[in-house]
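Please read the following walk through one protein model with the sequence and the structure at hand. The text moves from one place in the chain to the next.

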Amino acid sequence: MVEVAGVEKPKVIILKTGSTYPQIRDQFGDFDAWFLRSLTGDLELTVLDAVQTPPASAPSDWAGIVITGSPAMVSDKAPWSEETARWIKQAVEANVPLLGVCYGHQLLAHAMGGKADYHPKGRETGTHTVRLLDSASSDPLFSQLPAEFPAHLTHKQSAIELPPGAVLLANSAFEPHQAFRVGEHAWGVQFHPEFTDAIMKAYLEVQFPDIVAEGLDAQSLLQGVRPAPDANHLLKLFAEYLNARAMTK
């Protein structure tokens, strides 16, 4: 670790589980760049492409773990994904703080005994309202967010069954499992706290023909994109949580 004023920077690994559409990557960078930009705080960040090289280090070597979204599907059980899931389970059992986003959220659920699969109602995309449950009031991260907030989403699969003992923290009109915690320090969120409204619009523009073919109102979804500062704030809260833990060690 790197020391700053006598305190070691928390070492955080970002597990990149795929890449965005080429035209979005050309304009905004790839998944890892969005997290590197958004994880503000005094952290030592390392990116690992888990598709090419599943994590080999001990989870306890890290102060925190972030798992990105992906165009892949957890239910396909690709070898790299299953190997990463086993590592995630070890991380949770070792009490390493972890935040899984979209695919990472679904992979966390799968790794801990839940189930990820296609949402029975199909695709969810655009900016939508996430609502916290009463359980969020005592959560280290979600207790610092408002009861309702807009968030950016794009997914076909979901964590359709949460792991045994998981605490459901948030839902939405479409998605019953928008956020959960398993153990003391592992969170999964279906929404994208790393997205800006510009990135969300870019996704909808790329997806436009598919959205129309699926019977969704693509134009209304585009018009409905708005900033999601509270959802974005989750990444800062996670970084602050890691720094606070580092201060106590």
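Lys77 sits in the loop that joins strand E5 (64-67) to H3. This is a predicted model, and every value given here was computed from it. The phi angle of Lys77 is near 55°, which is a positive value in a residue other than glycine. Lys77 counts as partly exposed because its relative accessibility is 49%, and a residue has to be over 50% to be called exposed.

Helix H3 comes next, covering residues 79-93, and Pro79 belongs to this helix. Pro79 has a relative accessibility of 67%, so Pro79 counts as exposed. Val51 and Pro79 are 28 residues apart in sequence, and their C-alpha atoms are 9.0 Å apart in space.

Past the helix, Asn95 is found in the loop between H3 and strand E6 (98-101). Asn95 has a positive phi, near 60°, and is a residue other than glycine. With a relative accessible area of 42%, Asn95 is partly exposed.

Helix H4 (103-111) can be looked at next. How many of the residues of H4 are buried? The count is nine of its nine residues, and H4 is described as mostly covered. The buried residues of H4 include Tyr103, His105, Gln106 and His110, and Gly104, Leu107, Leu108, Ala109 and Ala111 are also among them. An α-helix has 3.6 residues a turn, so residues three or four places apart point the same way. In H4, the buried residues run through Tyr103, Gly104, His105, Gln106 and on to Ala111. Gly113 follows H4 and has a positive phi, near 100°.

The next stop is a loop with two residues to look at. His119 lies between strand E7 (115-118) and strand E8 (124-132), and Arg123 is found in the loop between E7 and E8 as well. Is His119 buried or exposed? His119 is buried, because its relative accessible area is 9%, and buried means under 20%. Leaving aside neighbours within four places in sequence, His119 is in contact with Lys156, Gln157 and Ser158, and also with Phe174, Glu175 and Pro176.

Arg123 has a relative accessible area of 10%, so Arg123 is buried too. Which side chain does the side chain of Arg123 meet in a polar contact? The partner is the side chain of Glu214, at 2.9 Å. With neighbours within four places in sequence left aside, the contacts of Arg123 include His155, Lys156 and Phe174. Gln207, Asp210, Ile211, Glu214 and Leu216 are also in contact with Arg123.

Phe174 appears among the contacts of His119 and among those of Arg123. Where is Phe174 found? Phe174 is in the loop between strand E11 (167-171) and strand E12 (179-182). Seen from Phe174, and again leaving aside neighbours within four places in sequence, the contacts are His119, Lys121, Gly122, Arg123 and Glu124. Asp61 and Phe174 are 113 residues apart in sequence, with 37 Å between their C-alpha atoms.

The surface can also be searched for open space. Rolling a probe the size of a water molecule over the atoms shows where empty space is left. In this model, the largest pocket holds about 410 Å³ of space. Three elements give two or more residues to its lining: helix H4, strand E9 (148-155) and helix H5 (197-213). H5 supplies the largest share, three residues. The lining has 22 residues, and Tyr21, Ser70, Pro71, Thr154 and Gln207 lie nearest the centre of the largest pocket. By kind, the lining residues of the largest pocket are nine nonpolar, ten polar and three charged. Gln207, one of the residues nearest the centre of the pocket, is also one of the contacts of Arg123.

Farther along the chain, Thr248 lies in the segment after helix H7 (229-247). Thr248 counts as exposed because its relative accessibility is 68%. The side chain of Thr248 reaches back to the backbone oxygen of Arg245, at 2.7 Å.

One record can be set beside the model. UniProt, in an unreviewed entry, lists residues 59-200 as "domain: Glutamine amidotransferase". In the model, residues 59-200 are 20% helix and 33% strand, and the end C-alpha atoms of the span lie 32 Å apart.

Note on methods:
Residues numbered from 1 in each chain as written. Predicted model: local features only at pLDDT ≥ 70, side-chain atom pairs only at ≥ 80, totals over all residues. Heavy atoms only, no water. UniProt positions renumbered as here; feature names shortened; annotations may be inferred. Helix = DSSP H or I, 4+ residues; strand = E, 2+ residues; numbered from the N terminus. Buried < 20%, exposed > 50% of the residue type's maximum accessible area, 1.4 Å probe, protein only. Contact = heavy atoms within 4.5 Å. 1 Å grid on protein atoms, 1.4 Å probe; cavity = no way out; pocket = protein on both sides within 12 Å on 5 of 7 lines; lining within 4 Å. Points joined across faces, edges and corners; volume = space filled by probe spheres on them. Nonpolar A, V, L, I, M, F, W, Y, C, P; charged D, E, K, R; others polar. Polar contact = N/O pair within 3.5 Å; in protein donor to acceptor, adjacent residues only side chain to side chain.
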